[in-house]
Amino acid sequence: MEETPKPEVVKITSTETWDSLLQQSKSHGTPIVAHFTASWCVPSVAMDPFIQEFASVFPDIIFVTVDVDDFKEIATKYEVKAMPTFLLMKGGVVAGRLVGANPDETKKRIETLLQSNTEFVV
């Protein structure tokens, strides 16, 4: 029996990677959950295992991490001012935003994102 590959959390390594994933989201309608983090922010780093778990639970979503120290321009564009911030995106646009390290609330918002066919207000 073949083992199915474990879903990955994509670490953004360039603005091109970010742009490519946004384009993929627009083209295929694939939702994105972007975790804006910083290595110096303990609550943000503490969310990493939960993001990996969410990637396994929600295989139809692209999960990414963006280090704000490495990609300030992406954080600025989406008005990310605190860590951790989660942007829930559909069709390349922000459908929801969650600030803070709360795994249960993050999971609920992700479920809502999947169920909604339209943008929802946070």
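These legends describe close-up views of a predicted model of one protein chain.

**View 1. The whole chain carries 5 helices and 5 strands.** From the N terminus on, the order of elements is β-α-β-α-α-β-α-β-β-α. The chain has 122 residues, and 45% of them count as buried. Take the contacts between residues at least 6 apart in sequence: 68% of these join residues at least 24 apart. The chain exposes about 7,000 Å². Carbon and sulfur atoms supply 53% of that area.

**View 2. Strand β3 (62-67) is covered on both faces.** Of its 6 residues, 6 are buried. I62, V64 and V66 lie on one side. F63, T65 and D67 lie on the other. D67 is buried along with the rest of these residues.

**View 3. β3 pairs with β1 (9-11) and with β2 (32-37).** β1 and β3 run parallel and are joined by 3 bridges. Here V10 stands opposite V64 of β3. β2 and β3 also run parallel, with 6 bridges between them. On this side, V33 has F63 of β3 as its bridge partner. Both β3 partners named here, V64 and F63, are buried, and they sit on opposite sides of the strand.

**View 4. Helix α3 spans residues 48-57 and buries I51, F54 and A55.** The three residues cover an arc of only 105° around the axis, so they fall on the same side of α3. An α-helix has 3.6 residues a turn, so residues three or four places apart point the same way. What do the buried residues of α3 pack against? Their partners are four strands and one helix: β1, β2, β3, β4 (85-90) and α5 (103-115). One of these partners, β3, has 6 of its 6 residues buried.

**View 5. The loop between α4 (72-77) and β4 holds P84.** The peptide bond that joins M83 and P84 is cis. Its omega is about -10°. Most peptide bonds are trans.

**View 6. E79 lies in the loop between α4 and β4 and has a positive phi.** The phi value is near 55°, in a residue other than glycine. Most residues other than glycine have a negative phi. Is E79 buried or exposed? E79 is exposed, with a relative accessible area of 54%. The cut-off for exposed is over 50%, so E79 meets it. The loop between α4 and β4 also contains P84, whose bond to M83 is cis.

Notes. Residues numbered from 1 in each chain as written. Predicted model: local features only at pLDDT ≥ 70, side-chain atom pairs only at ≥ 80, totals over all residues. Heavy atoms only, no water. Buried < 20%, exposed > 50% of the residue type's maximum accessible area, 1.4 Å probe, protein only. Helix = DSSP H or I, 4+ residues; strand = E, 2+ residues; numbered from the N terminus. Arc of directions from axis to C-beta. Contact = heavy atoms within 4.5 Å. Areas by Shrake-Rupley, 256 points an atom, 1.4 Å probe, with all protein chains shown as cover. Pairing = 2+ DSSP bridges.
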